[in-house]
Amino acid sequence: MLNIPQLLATELELNPNQVQNALELLAEGATIPFIARYRKERTNEMNEVQLRDLFDRYTYLTELAERKKVILNAIAEQGKLSDELKAKITTCLQKTELEDLYLPYKPKRRTRATIAREKGLETLAAYIKSLNVKNCVAAPLEEEAAKYISETLGVKTAGEALKGAADILAEEVAEKAELRSYVRDYLLETGVFISRIKNDHPEGTTKFEMYRNYQIKVKNIAPHNMLALCRGEAEKILSFEIAFDEDFVLSYLESQEIKAKIRAIRDFYQTMLKDAFNRLMKTSLIGEVISEKKTYSDVESIKTFEANLRELLLSAPAGMKPTLAIDPGFRTGCKVAVLEQTGKFLEYQAVFPHQAAEQRKKAAQTIKSLIEKYKIELIAIGNGTASRETDEFVSEVLEICERKPVKVMVNESGASIYSASKVALEEFPDLDITVRGAISIGRRLQDPLAELVKIDPKSIGVGQYQHDVDQKLLKKKLDETVESCVNYVGVDLNTASKELLTFVSGITPAVANNIIAYRNQNGAFKNRRQLLKVAKLGPKAFEQAAGFLRIRSGENPLDSTAVHPESYSLIESIAKDLNVSLNQVTEIAEKLKKTNIKKYVTDTIGEPTLRDILSELEKPGRDPRAEFKYATFKAGIKEIRDLQVGMELEGIITNVANFGAFVDIGVHQDGLVHISQLADRFVDDPQKIVKVGQVVKVQILEVNEKLKRIGLSMKAVKQ
């Protein structure tokens, strides 16, 4: 069998020791965030992306190796495992290639070839095959076939015997791995996707209009187009196929399979090959090509989703400040929740500013009173129904307030999902669903990461065809993204929710519950070592988690940093050498910079870790997220009908796809900046220009109120 670690090192251009050490750490139960941050010496500073690529490929190859064992045993039991076939199976690196090799030996349902064999026609098929190989003169095929006529076996004529022999040979040809591989590659390289809208959908009535008479080479189709075709077909709105030169494929099969010069044999083989292709190869290979392109599109779309989710989770927090959160509404009123700086819910009010004048006046007084009573510093307004009207109303209130909180429009995608969730019910069992929604909007402004981890990432609204892609892979990759973001930022051990703790390296849901229970029973954690008193949190879990959990104002100043407890003794030794108190961590960093850090290298702590420690001590406990910024929507622009071509507006990127970016400009309908309108130069990847959460300036290019489409450009506006 293959040497998987050596193969991985070659494929991923890594040192074999890197691969071996990384795989050993994984086997020991280490998480990717932990390995990337705290085991740099063992992996030669592999980052999270490299580690995930390595482990994904390792999983693929180990699954492949297990499948090879099953297949080799199955073929051996049939007595058909030659040395040549064994070598091909042992050395293949792709699951598709492996299944092609297994196909002739795979148990299958009763086929025409099976029936022909039952009629004793395998010998006739072998005879015809020998004539093709030997290329010798023989009696007419009908004469030979007549020998196989048998009332008992159900062969009534020589023609039936020849047809049965052809069925056996056709199945042999259709199952040849090298032929299937060639034709599959040919379809991928030269095939053309052709789609049509079905007749019962008149022009201009579907969202798939661009696919009415659509053609594109299979190799050139973009992931979003492939997924759109699949969705359109699933919704029975369109149909699509792969067109290709079938004569070329038949000509290729003939060139590979026909050796005879005798006309009768050649004619027999040409007919047989045509049947083999049309009946046994064409549909399955087209299906495999579509599946391959769909799988590729899934992977690429999930990558886009991952990138968008990362940007959203790592959005700059406005800060843990007293916050007034408003979930806007017309008929049902605006739901107003007050949160203290820790995110704790304090008070709820319902106001009705969009009804009678008296109600508006009363609502203004309520908002003003809450701002003054709780010394509000932030106002979060959900961007759903009535958001712009509520935004203008709050602006009017702030004109009569002495305090001037920062007012921000907050993307509320998924807030309703959270409000009705088990998580929200456990957190606020006595509150109405609408109040929970307002609380979530406010907390998103205070700390997006801490709040968004409570929601299924698919409900956040930053994906591309997320319901059409491989759901198992999507969940895996999105969970990895959340885990990566949570550990990158770090978690306050004394304020974190159960959901946030669950994504910390080494912390299971059960342990997260136990941490909360310990905190509720014993009060705030005073130092990281107390974690070892938490039920089911043993030394291994402590090793994995401790560096990512922060304790503000604890007994040990290092507990508020990303420095791992395993390095504390070294830092204490350094502090002693530098004659600096451990409480003056920034001074330690300043003096350490002027020192040769190599003298502090140990068997377990090398230069990479020492550099990380130095960086952390320079700004202990700092939040790595960007500075908080927010968009200011233009006054008077509330609905799509208020837009005019040429108008310049400020907005915020809500989603990035591989064809462009969507921007919230405050009219309840995101506009699209097509990839061609992102910059004054060619753009091959929108992620290189814009990110989710980024504040941008745009110009209106097109407004289609009927279809609710807004075309935008960033090219003509100075950013």
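**View 1. The S1 motif as annotated in UniProt.** In this predicted model, residues 646-715 are the stretch that an unreviewed UniProt entry annotates as "domain: S1 motif". Take a look at the two ends of the span: their C-alpha atoms lie 12 Å apart. By secondary structure, residues 646-715 are 49% strand and 0% helix.

**View 2. An open sheet of five strands.** Here the strands follow the order 6-5-4-7-8, with mixed pairing. At the edges sit strand 6 (345-351) and strand 8 (406-410), each of which pairs on one side only. On average, neighbouring strands of this sheet are turned by 20° against each other, direction ignored.

**View 3. Strand 4 beside strand 5.** Zooming in on one pair from the sheet, we find strand 4 (residues 323-327) and strand 5 (residues 334-339) running antiparallel, joined by five bridges. To pick out one of these bridges, start at T323 and cross to L339, its partner in strand 5.

**View 4. Helix 16 across the sheet.** Helix 16 (residues 357-373) lies across four strands: strand 4, strand 5, strand 6 and strand 7 (378-382). Relative to strand 6, helix 16 runs at about 165°.

**View 5. The buried face of helix 27.** Which residues of helix 27 (residues 585-593) are buried? They are V585, I588, A589 and L592. Seen down the axis of helix 27, these buried residues fall within an arc of 100°, so they line one face of the helix. Among the elements covering them are helix 26 (568-578) and helix 28 (607-618).

How values were computed
Residues numbered from 1 in each chain as written. Predicted model: local features only at pLDDT ≥ 70, side-chain atom pairs only at ≥ 80, totals over all residues. Heavy atoms only, no water. Pairing = 2+ DSSP bridges. Axes fitted to C-alpha atoms, helices over the stretch in contact; angles between N-to-C directions. Contact = heavy atoms within 4.5 Å. UniProt positions renumbered as here; feature names shortened; annotations may be inferred. Buried < 20%, exposed > 50% of the residue type's maximum accessible area, 1.4 Å probe, protein only. Arc of directions from axis to C-beta.
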